[in-house]
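Hi,

Here is the structure I promised to pass on. Have a look, and my notes follow underneath.

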Amino acid sequence: MRFLPYVFVFFSLSLLAQEKNLKQYSIDASYFYGSILPHHTNILHLIKGHPEGGIISFNRKTFGSQKWEAWYNYPDYGLSFQYQDNKNPELGNLYGLYGHFNFYFLNRRLQLRVGQGIAYNTNPYDRETNYRNQAYGMHYMPSTYFMLNYHKPNIWKGLGVQAGMNFVHHSNANLHAPNTSTNTIAFNIGLNYELVTKDSVAYIPHEKEKLTEPLRYNAVFRTGVNESDVINSGQYPFYVASLYVDKRINQKSALQFGTDVFWMEYLREFIRYEAIAYFELHHDPNADYRRVGVFAGHELFIHKLAIDTQMGYYVYDPSNKFGKVYQRLGAKYYITKNISAGVSLKTHISRAEAIEFGVGLRL
């Protein structure tokens, strides 16, 4: 999985290449101080202080040269770098690179940032040298962060201030065990600076347009590798086939309904493991590892980028290892009008099962 960091960087850089007109940029830097949430007993011994760190960001402004920019109140997009000192050598420190969007509310004084990328941990689990670190099983891992700030730009010669809260999630997404993960919530304060350019630009308004579209039919194939929660049980490939229909209800949103079929090879091995290791519980070693689910979802369109949020229910799951309900959160990029490529995270409530790489066809 050494290629994984480059996949996230590629998607981040693609955001900066979307727009060719009306170029204006800003930079910002924030210091944060907070706490790691004790969401699991396996990480309680690792929380020994209040993490602190910094976030440095490069942003490109939008002004409405494309309609979607006006419909989303002229967001920014860009790249951000984050450093987090976890205040525990056993837990290690974190360095992250993210692609992000900044969305604005309340006369552009309230800024919501959503960032997705890859993080590097300096001291992950090692059976001999760092067996206490049950949070991170590998150096590289997916990471997501949210930042909600009061944002006041250009107070003096392009210099402004910002302050608020941020939340950051670091997890292996079951690429490698252990995978307890961490969630950090923190207060932040910082400065922002608008880079001076020769362009003099103003926001271009666009009226919202009514969109009528028939039902669209989708086929998605997803794959990747993952590992059970049993440490050193090995990584195995998985495959997911999805068929669903969607109905576009406006320029931003579509509703989805469909079915998933899962072939998770790690689960076949995990069923055998439990039958042997916990024989007193009478697990069936020959239980079918395959699962079928139905789901309802929502797709949020942001130009060529789209965010999928889905809630599913297993209608066929003989192993019954995680309960009946599952969720999926994903981002995809429409390469053409009908073909997309994306990354998604499949979970059972707060328990991640797999990070999925997929290609889709929308007809």
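Phe101 sits opposite Val114 of strand 5. That pair belongs to the join between strand 4 (residues 94-105) and strand 5 (residues 110-121), which run antiparallel with 12 bridges. Strands here are DSSP E runs of at least two residues and helices are H or I runs of at least four, numbered from the N terminus; two strands pair if DSSP finds at least two bridges between them.

Before you go further: this is a predicted model, where local features need pLDDT of at least 70 and side-chain atom pairs count only at pLDDT 80 or more, while totals for chains, interfaces and linings use all residues. Residues are numbered from 1 along each chain as its sequence is written, and side-chain values use heavy atoms, without hydrogens and water.

Zooming out, 8 strands close into a barrel with antiparallel pairing, in the order 1-2-3-4-5-6-7-8.

Then the largest nonpolar core (buried Ala, Val, Leu, Ile, Met, Phe, Trp, Tyr and Cys joined through side-chain atoms within 4.5 Å; buried is under 20% relative accessible area with a 1.4 Å probe, protein chains only). It has 17 residues, and Phe262 and Tyr326 are among those touching the most other members. Strand 10 (236-248), strand 11 (253-264) and helix 3 (265-277) each supply at least two residues, with helix 3 giving the most, 4.

In helix 3, the buried residues include Tyr266, Leu267 and Ile271. The buried residues of helix 3 pack against strands including strand 9 (216-226) and strand 12 (291-302), contact meaning heavy atoms within 4.5 Å.

Cheers

Key:
Buried < 20%, exposed > 50% of the residue type's maximum accessible area, 1.4 Å probe, protein only.
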